[in-house]
Amino acid sequence: MTKHTEYSSGQSRQLGGITKTGNSHARRLLVEAAWQHRRDYLPSAQSVLHARWEKAPAPARLRGQAGNERLHHQWVAFTARKKRPVIANVAVARELAGWCWSLAVMDG
């Protein structure tokens, strides 16, 4: 999937950009999906997404909501720090990749 660089020493951690290795289609989908977290996630009660959300198991819904809030908070933090939107989006896409992986390995 996507790879990134990381430089760690003790308590400090510096992340590099997403590299162009791996599946380019998956990378593009992650970057496109990350733009959706720029606004807060509020599904309307009549939407198809809301119906799907209600069918999901409770642990998955809780994990999903926590992930949505975390990714949106990332956007808010990057905006407050005056980061360029395309840079912020790639950082959110990196977080999204990790979140997708955590959902994939979730028990239950």
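The legends below describe close-up views of a predicted model.

**Figure 1. Overview of the chain and its order of elements.**
The model is predicted. The chain holds 4 helices and 2 strands. Along the sequence, these elements run β-β-α-α-α-α. The chain has 108 residues, and 24% of them count as buried. About 8,000 Å² of the chain is exposed, with carbon and sulfur atoms supplying 56% of that area. Among contacts with a separation of 6 or more, 55% come from residues 24 or more positions apart.

**Figure 2. The largest nonpolar core, with 12 residues.**
The members are Leu30, Ala34, Leu71, Trp75, Phe78, Ala88, Ala91, Val92, Ala93, Leu96, Ala97 and Trp99. Helices α1, α3 (58–80) and α4 are the elements that each give two or more residues to this core. Helix α4 supplies the largest share, 7 residues. In soluble globular proteins, nonpolar side chains tend to be buried together.

**Figure 3. Surroundings of the core residue Val92.**
Neighbours within four places in sequence are left aside here. Val92 then contacts Ala34, His37, Leu71, Gln74, Trp75 and Phe78. Ala34, Leu71, Trp75 and Phe78 belong, like Val92, to the largest nonpolar core.

**Figure 4. The salt bridge between Glu95 and Arg70.**
The chain has 1 salt bridge. The side chains of Glu95 and Arg70 meet at 3.0 Å, N to O. This pair links distant parts of the chain, 25 residues apart. Glu95 sits in helix α4, and Arg70 sits in helix α3. Glu95 has a relative accessible area of 23%, so this residue counts as partly exposed.

**Figure 5. Ser102 and its polar contact with Arg63.**
Ser102 lies in helix α4, which covers residues 85–104. The side chain of Ser102 makes a polar contact with the side chain of Arg63, at 3.1 Å. Ser102 counts as buried because its relative accessible area is 14%, and the cut-off for buried is under 20%.

**Figure 6. Arg61 and the residues that Arg61 touches.**
Arg61 is part of helix α3. Residues up to four places away in sequence are not counted in this view. Arg61 touches Trp53, Glu54 and Ala56. The relative accessible area of Arg61 is 25%, so Arg61 is partly exposed.

**Figure 7. A nonpolar surface patch made by Trp35, Val86 and Ile87.**
The patch covers about 260 Å². Trp35 is placed in the loop between α1 (24–34) and α2 (48–55). Its relative accessibility is 30%, so Trp35 counts as partly exposed.

**Figure 8. Lys82, a residue with positive phi.**
Lys82 is found in the loop between α3 and α4. The phi angle of Lys82 is near 60°. This is a positive value in a residue other than glycine. Most residues other than glycine have a negative phi. Lys82 is exposed, because its relative accessible area is 73% and the cut-off for exposed is over 50%.

Definitions and conventions
Residues are numbered from 1 along each chain as its sequence is written. This is a predicted model: local features need pLDDT of at least 70, side-chain atom pairs count only at pLDDT 80 or more; totals for chains, interfaces and linings use all residues. Side-chain values use heavy atoms; hydrogens and water are left out. Patches are made of residues with over 30% relative accessible area and no salt bridge: like charges are joined within 9 Å, nonpolar side chains (Val, Leu, Ile, Met, Phe, Trp, Tyr) within 5 Å. Accessible areas come from the Shrake-Rupley method with a 1.4 Å probe; for residues, only the protein chains shown count as cover. A salt bridge is a side-chain nitrogen of Lys or Arg within 4 Å of a carboxyl oxygen of Asp or Glu. Buried means under 20% relative accessible area, exposed over 50%, partly exposed in between (1.4 Å probe, protein chains only). A polar contact is a pair of N or O atoms within 3.5 Å; within protein, one must be able to donate a hydrogen and the other to accept it, and residues adjacent in sequence count only if both atoms are side-chain atoms. Contact means heavy atoms within 4.5 Å. A nonpolar core is a set of buried Ala, Val, Leu, Ile, Met, Phe, Trp, Tyr and Cys residues joined through side-chain atoms within 4.5 Å.
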